[in-house]
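Colleague: I should be grateful for a close look at a single part of this model, beginning with one residue and the elements around it. Please set the account in the context of the whole chain.

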Amino acid sequence: MPETGIPGYSKKSVEQKNIVHAIDLLLLHQRFLILLAKALMVYGSPLHYLEDNLGRIARLLDLEVTVSAIPGLILLSFEDSVTHTSENKVIRCANGWDMHRLDETNQLLRRVVHGKIDIPMAVPLLEEIMTAKPIYAWYWQVLNWGVISWTLCLVCFDGSWKDSGISLALGLMAGCLNLAAQKFSGYTNFFEVSVSILTGLFGAALSQWGCFGATSLSATVVLLPGLVMTTGVIELSSRHMIAGTVRIFYALLLAFIIAYGLLIGVQIYNQMAGHEVDALLDLTQCRGLSKWTCYGVFWLFKFHLLLDDLAPVVASFVLGLVANTWSKFTGQTAYMILLPGEMFLVPGSVGVRGFASLLSKDGAQGAQLAMQMITTCLSIMIGLFASTFLVYPKGKRNSAILTV
């Protein structure tokens, strides 16, 4: 008697296994896209490039996905044109900055795009990046706050060596509070306010030995909203209206919080000490070092050629040109190379000084500084986009690399 049922049964079993394998692979592709979206958001990718990279990876993986991102929230809509069904994923995660992990994520993305690894290998590697411990211990992170405050007090805020010493101490205090905010979630919402108040209090107490404007601004320099404001202007110019508007409003609110906290700290000291300390953040009263501490294209155009409006445009153009060119030929993340230099150009301290002037009843100077903050953001945006167009005139069609 012939075994007519066995071949049919075997064929059906193989088809079932193929279907199960295809479903597992589809779910794995979706998981990789979700993890990638969360990693890019948490580690500081601009949202317009986040959407661009997720869309490119989705096409590579044959996924029909609609991506929409706003600060703190990513919406992924997976569609199936065969069954006419869709599945929505809402990813909520905090915005942050981690250039090391952002670069590792981007390098992993490049390897996937160029076919060097497949998705089953990429998912555990991406999970390993996201769960890895910080590359710097907590004491190095605290010391970093102090060193940044000390350096920028000399370079950016016309501080003297004595001012930089005070800034170092205040920066270490801010770093300790930042460590506490990482440990205690309830303190996170009060972090910026508490740092500003304590900086204003101790800065006013030490004002007889140093310039209050230079020490207070440099101590809170990591909190200054200039980078957020510039990113918002860039996203607005990229037609990303919601994200750009949210970032700009948050930057203005953060500048107001820092200025108000510094003012409260000064007023507390005035009440305790019984004498007045001016809370106006006027850097013209500071006795800084000679201009040999400043350098670069920005210094050349601003202080020697006296082209104030053109200085941030040319400086950001040169910065973006170097970062994108280096990224194009080495494969490293341009955004990671760009960010440290961009921190010197962003107008965060200008916004805080503007709100401080408004709170001190100096409306004319406050309005002037607010306008300067906006024009500086626009200048940086023009320079960055011009440099990106020069290096990538046709866009990045075959690459997942992060530019500016």
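Modeller: Leaving aside residues up to four places away in sequence, Gln30 touches Leu63, Phe78 and Glu87. The model is a predicted one, and the description that follows should be read accordingly. Gln30 belongs to helix α1, which covers residues 5-42. Its relative accessible area is 10%, and because burial is set at under 20%, Gln30 counts as buried.

Two of the residues that Gln30 touches, Phe78 and Glu87, lead to the sheet. Phe78 falls within the range of strand β2, residues 73-80, and Glu87 within that of β3, residues 85-92. The sheet is open and consists of three strands in the order β1-β2-β3, with antiparallel pairing. Its edges are formed by β1 (64-70) and β3 (85-92), each of which pairs on one side only. From one strand to the next, the twist averages 15 degrees. Strands of a sheet pair through backbone hydrogen bonds, in either a parallel or an antiparallel manner. Here, β2 and β3 run antiparallel and are joined by eight bridges. Within this pairing, Asp80 stands opposite Thr85 of β3. A further helix, α2 (residues 47-60), packs on the sheet and touches β1 and β2. The direction of α2 makes about 170 degrees with that of β1.

Helix α4 offers a second view of burial in this chain. It comprises the 13 residues 119-131, which at 1.5 Å a residue should span 18 Å; the end C-alpha atoms are 18 Å apart, in agreement with that expectation. The buried residues of α4 include Ile119, Ala122, Val123, Leu126 and Ile129. Viewed down the axis of α4, its buried residues lie within an arc of 130 degrees, and therefore they line one face of the helix. Glu128 and Thr131, on the other side of α4, are exposed.

As to the whole protein chain, it contains 15 helices and three strands. Of its 404 residues, 47% are buried. Among contacts with a separation of 6 or more, 69% are between residues 24 or more positions apart. Confidence in the prediction should also be considered: the mean pLDDT of the chain is 76, and 77% of its residues reach 70 or more. Over residues 398-404, the pLDDT is below 50, although this stretch has 40 contacts in the model beyond near neighbours in sequence.

Terms used:
Residues numbered from 1 in each chain as written. Predicted model: local features only at pLDDT ≥ 70, side-chain atom pairs only at ≥ 80, totals over all residues. Heavy atoms only, no water. Pairing = 2+ DSSP bridges. Helix = DSSP H or I, 4+ residues; strand = E, 2+ residues; numbered from the N terminus. Axes fitted to C-alpha atoms, helices over the stretch in contact; angles between N-to-C directions. Contact = heavy atoms within 4.5 Å. Expected span 1.5 Å × (residues − 1). Buried < 20%, exposed > 50% of the residue type's maximum accessible area, 1.4 Å probe, protein only. Arc of directions from axis to C-beta. pLDDT = per-residue confidence, 0-100.
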